[in-house]
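Please take a moment to look over the sequence and the 3D structure before reading on. The points below are meant to be checked against the picture, one topic at a time.

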Amino acid sequence: MNKKVAFYTLGCKLNFSETSTIARGFLNEGFDRVDFSEQADIYVINTCSVTENADKRFKTIVKQAQKANSKAFIAAVGCYAQLKPEELADVHGVDLVLGATEKFKITDYINDLSKNDFGEVHSCEIEEADFYVGSYSIGDRTRAFLKVQDGCDYKCTYCTIPLARGISRSDTMGNVLKNAREISSQNIKEIVLTGVNIGDYGKGEFGNKKHEHTFLDLVSQLDKVEGIERLRISSIEPNLLKNETIELVAKSRAFVPHFHIPLQSGSNAILKRMKRRYLRELYVDRVAKIRELMPHACIGVDVIVGFPGESDAHFLETYHFINALDVAYLHVFTYSERDRTEAVDMDGVVPKAVRRKRSKMLRGLSVKKRRAFYESQIGTSRTVLFEGENKDGYIHGFTENYVKVKTPWNPELVNTLQEVELTHIDDDGCMRFEFLNAKILVH
């Protein structure tokens, strides 16, 4: 009988792409992959360190694994494993902790799968994380996450990612295109480009800071790869989202009109304290340029509330700034103190109750923004990519501009692209539609 391995991923799309790559390594070694809720011989938890919440959830997930199999070997990898390896190794039941450079070699560290009395730690100094490991996720869903870049050279005062992932470095253009072709050959219709700071693509593709390609080169080359129906850019910094890239997406064959652009604050004073590399005026320009060329585009925004020094006036400045922006939804993060960041020593600490209140206000604004965006799409013709899950008798999918739709479950629709007209918003906030082609039998 083959040994069984199960995976749990915390955090971002990048982590999902890396978990998939690590999983393929196990399959090559003769392991069978099972669901995390099932009994396995080894459980691998890919950790995240962006928020305090992700740290806390780790212990709960370890307990889940122990409940499924008390004798199982448990390994922790990823960002939190790099930042606080000893802390993870001390969690009861954890046998192995691998940092940034070791996680892709996990099968080399697993010999006899016998439980350790103490968690064994292999983590490098982060300065050694200077080589690139390409990865992509496949087999989990109708879309794949393709990693093109890792690490970050920015020094935002709240962020631990440079400490957890090292310097900015990129995959080679040839390898990205090869991975994209591999994905498209598996009948996956959509590829989401992911990385820590993907607008920085090109830097470090030769193992040094020599630049041959840019993010614009990358998107223009990917747009030519045959067989890929849809390409989606994940999060990209406003200062790295150039007009030329927006223009290319507007004319593109495969890139969809969906942008996710971190803002973090609508107050220039707070942006400066965060050491962001732009001011709010640049953000207004980015949104205006997208709207000029793609009026129907979906624009998502990251924002942090409760950063040290954020007064009520600063917060209201952010609230009113976002309210006036023509954007579709927000990802709201409540600031949490992270060790070894500049912000942790700043004065003007915002009480946690105030942080929660501000977060709630912005989440409410996000609901309003998404509703307005969906309403603006009623009556338009769109293409939907349907997903593979039957949720309460319905199948869901997303339009190219990221409107979530639903219709009664029909297995024939799974992983297909269908032309539809958006008609009305359901009680749960999903869009309903009529098919524009007669190819599908509507049961």
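What follows is a briefing that begins with the whole chain and then turns to a hairpin and to two loop residues. The model is a predicted one, and the protein chain in it contains 13 helices and 19 strands. Its radius of gyration is 22 Å, close to the 22 Å that the globule rule gives for 443 residues, so the protein chain is as compact as a globular protein of that length.

**The chain as a whole**

- When the C-alpha trace of the protein chain is laid along its principal axes, it spans about 60 × 60 × 45 Å.
- Of the 443 residues in the protein chain, 56% count as buried, while the surface that the chain exposes comes to about 19,500 Å², with carbon and sulfur atoms supplying 49% of that area.
- If one takes the contacts between residues at least 6 apart in sequence, 72% of them join residues that are at least 24 apart.
- The protein chain carries 61 positive and 62 negative charges, and the mean positions of these two groups are 4 Å apart.

**The hairpin of β18 and β19**

- Strand β18, which covers residues 417–425, pairs with β19 in the antiparallel sense, and the pairing runs over 5 bridges.
- Within this pairing, H424 stands opposite R432, a residue of β19.
- Strand β19 covers residues 431–435 and is mostly covered, as 4 of its 5 residues are buried.
- Between the two strands of the hairpin there are 5 residues, and in this hairpin G429 takes a positive phi near 95°.
- As a general point for reading such strands, the side chains of a regular strand alternate between the two faces of the sheet.

**Two loop residues with a positive phi**

- K275 has a positive phi of about 60°, although it is not a glycine, and K275 is found in the loop between α10 (268–274) and α11 (280–293).
- Is K275 buried, exposed or partly exposed? Its relative accessibility is 43%, and because buried means under 20% and exposed means over 50%, K275 counts as partly exposed.
- Y402 likewise is not a glycine and yet has a positive phi, in this case of about 65°, and Y402 belongs to the loop between β16 (394–399) and β17 (404–408).
- Y402 has a relative accessible area of 24%, so this residue is partly exposed.

Technical notes
Residues are numbered from 1 along each chain as its sequence is written. This is a predicted model: local features need pLDDT of at least 70, side-chain atom pairs count only at pLDDT 80 or more; totals for chains, interfaces and linings use all residues. Side-chain values use heavy atoms; hydrogens and water are left out. Buried means under 20% relative accessible area, exposed over 50%, partly exposed in between (1.4 Å probe, protein chains only). Two strands pair if DSSP finds at least two bridges between them. The radius of gyration is taken over C-alpha atoms; the globule rule is 2.2 Å times the number of residues to the power 0.38. Contact means heavy atoms within 4.5 Å. Accessible areas come from the Shrake-Rupley method with a 1.4 Å probe; for residues, only the protein chains shown count as cover. Lys and Arg count as positive and Asp and Glu as negative; His and the chain ends are not counted. The place of a charge is taken as NZ of Lys, CZ of Arg, CG of Asp or CD of Glu.
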